[in-house]
Each structure stands twice: as structure tokens, then as C-alpha cells.
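Subject: Structure for you to look over

Dear colleague,

I am handing over the structure below, and I would be glad if you could read the notes that follow alongside it. They go through the findings one topic at a time.

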Amino acid sequence: LKHSLDILLNPGFVIQVTLSVVEMMMQVANTTDSHHFLSQPSVIETLVGIPYHQHDSIDQDDYKYVCLSKYSSLQCIARVFLVSPHMLSWLHSSLSLTGTIMGDIADMLQKETLEKILEYEEELGYNWCTLKPNISVLWRPSCYDILPGLQIYCQELIVASLHIILSSQNHREVLVQEGLLDYVISLPWHTSGSVQQRAKELVT
């Protein structure tokens with residue numbers, strides 16, 4: 001993981017490498033053993049620092065990698081926070097960084113942005129062999145005494161990611177094969193507020 005962080009901090013690598021590294025870190029975030037490292041301020045700041053907005057110097061082909069890199073970096077943060085919120089309690093004293101994370105997630109949750117993510121994942125042939133990490137994180141007990149606003153944004157992002165993944169017939173078959181369909185259908189009764197609204201959109 002330390003080597004992965006060094007790659008993200010090196011501007012010499014192309015954006016495709018950044019995407020590969022961030023997606024690896026997002027997958028590693030599914031294991032709690034990684035959370036001590038991933039919750040460090042230097043790691044969170046690096047993930048937040050991955051650019052998102054398109055610049056004139058980025059052509060359209062490269063922009064999909066930029067967009068997916070930011071999407072994956074925010075998912076990585078969300079997974080760590082929802083599973084091990086106490087490890088990110090230091091964000092209480094870094095309100096500007098917390099605000100940036102929430103603002104970035106809010107941007108990512110825009111309908112047109114999520115449609116881009118779906119388009120790019122389909123174009124690049126994304127294939128998820130398991131949906132257990134995406135769903136199990138939403139069924140963990142919430143800890144709303146630690147940055148409740150960020151908690152809600154992170155939950156919304158994970159639900160939105162499920163919406164994108166389950167747009168694929170192949171992934172819907174994986175969902176059924178893993179016996180997770182009931183967990184998805186029950187999400188609107190397990191969530192509340194804006195998260196519940198997204199969960200309702202997911203199952204309808």
C-alpha cells in the first residue's frame with residue numbers, strides 16, 4: 001500500500017496507472033486490515049487530491065480515466081469511513097478537508113455524472129465478480145455520532161455505485177447467484193432520508 005501511495009504522489013505516471021492503483025486501493029478497503037493505513041491523513045489527502053474536473057489539457061479519452069479515478073478514490077474513502085468511522089474521527093479537526101470530501105461526493109452524485117460513470121465502465125468492460133463488499137457495507141450498524149453528514153454522503157455514494165453496477169445483466173445474475181437479492185430489495189427499509197430515496201430508486 002505504501003508503494004501504491006508513492007505512485008499516486010508521482011506526477012510522472014499516466015492517468016491510466018492512477019486509475020489502476022486507486023481501484024486496487026478501493027478493493028483493499030474491503031478488508032479491515034487495511035484501514036489503519038488507508039485512514040491516515042496523508043492517504044486521505046492524497047485520495048481527495050486526485051483531480052476530477054476536466055481541463056483543457058485533458059482530452060476526452062483521458063478524461064474517462066480521470067473521472068473513474070476520482071469515483072474510485074471517493075468509494076475507497078467511503079468504505080473505510082462506513083466500516084471504521086473511529087479511524088477517521090480526526091476529520092473532526094479538519095473541517096475544510098471534510099467539506100471537500102462531501103462536496104466531491106455531492107458532485108459525483110449528480111445524475112449526469114453517474115451516467116458518465118456508467119458509460120465509461122461499460123466502455124472499459126468492467127466486470128465485478130462479487131457484490132458482497134458493496135452490499136455488506138450498507139448493512140453495517142451506522143455510527144452517526146461521528147460526522148453524521150459525511151456518513152450519509154458515503155452511504156449515498158455506495159448505493160449509487162450499486163445502481164451503476166446492477167445496470168448490467170451479468171452483475172444482476174451475480175447478485176442472485178450470491179444470494180444477495182433480498183438484501184438489496186430490503187435496503188429502503190434499512191435506510192432513511194436521502195439514502196432511502198436512492199435505495200428506492202435502486203429497487204424500482
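Helices here are DSSP runs of type H or I with at least four residues, numbered from the N terminus, and the labels below follow that numbering. Please keep in mind that this is a predicted model.

With that numbering, Leu 147 is found in the loop between helix H8 (132–136) and helix H9 (148–165). The backbone of Leu 147 deserves a look, since its phi is near 45 degrees, a positive value in a residue other than glycine. Leu 147 counts as buried, because its relative accessibility is 10% and the cut-off for that class is under 20%.

Another loop residue is Trp 128, which lies between H7 and H8 and is buried as well, with a relative accessible area of 18%. The C-alpha atoms of Trp 128 and Val 174 are separated by 8.4 Å, although the two residues are 46 residues apart along the chain.

Turning to charged pairs, side chains of opposite charge can pair when their charged atoms come close. The structure holds five salt bridges, and three of them are described here.

The pair formed by Asp 104 and Lys 70 has its closest N and O atoms 3.0 Å apart. Asp 104 lies in helix H6 (residues 95–108) and Lys 70 in helix H5 (residues 60–83), so this salt bridge ties together parts that are 34 residues apart in sequence. Both partners are buried, Asp 104 with a relative accessible area of 17% and Lys 70 at 2% relative accessibility.

A second salt bridge joins the side chains of Asp 6 and Lys 2, at 3.0 Å from N to O. Both residues lie in helix H1 (residues 2–9), where they are four residues apart, about one turn of the helix, and Asp 6 is partly exposed, with a relative accessible area of 36%.

The side chains of Glu 115 and Lys 111 also meet in a salt bridge, at 2.5 Å from N to O. This pair belongs to helix H7 (residues 111–123), and because Glu 115 and Lys 111 are four residues apart there, about one helical turn separates them. Glu 115 counts as partly exposed at 42% relative accessibility, whereas Lys 111 counts as exposed at 59%.

As for open space, the largest pocket has a volume of about 270 Å³. Its lining is made up of 15 residues, of which Pro 11, Phe 13, Val 14, Ile 15 and Thr 18 lie nearest the centre of the pocket. H1, helix H2 (15–28) and H5 each supply at least two residues of that lining, and the largest share, three residues, comes from H2. Sorted by class, the lining of the largest pocket has ten nonpolar, four polar and one charged residues.

Lastly, on the surface, Val 176, Leu 181, Ile 185, Trp 189 and Val 203 make a nonpolar patch of about 510 Å². Among these residues, Trp 189 has its place in helix H12 (residues 187–190), and Trp 189 is exposed because its relative accessible area is 72%, while the class begins at over 50%.

With best regards

Key. Residues are numbered from 1 along each chain as its sequence is written. This is a predicted model: local features need pLDDT of at least 70, side-chain atom pairs count only at pLDDT 80 or more; totals for chains, interfaces and linings use all residues. Side-chain values use heavy atoms; hydrogens and water are left out. Patches are made of residues with over 30% relative accessible area and no salt bridge: like charges are joined within 9 Å, nonpolar side chains (Val, Leu, Ile, Met, Phe, Trp, Tyr) within 5 Å. Accessible areas come from the Shrake-Rupley method with a 1.4 Å probe; for residues, only the protein chains shown count as cover. A salt bridge is a side-chain nitrogen of Lys or Arg within 4 Å of a carboxyl oxygen of Asp or Glu. Buried means under 20% relative accessible area, exposed over 50%, partly exposed in between (1.4 Å probe, protein chains only). On a 1 Å grid over the protein atoms alone, a cavity is a set of points where a 1.4 Å probe fits but cannot get out, and a pocket is an open set with protein on both sides within 12 Å along at least five of seven lines; lining residues have an atom within 4 Å of a point. Grid points are joined across faces, edges and corners, and a volume is the space filled by probe spheres set on the points. Ala, Val, Leu, Ile, Met, Phe, Trp, Tyr, Cys and Pro count as nonpolar, Asp, Glu, Lys and Arg as charged, and the others, Gly among them, as polar.
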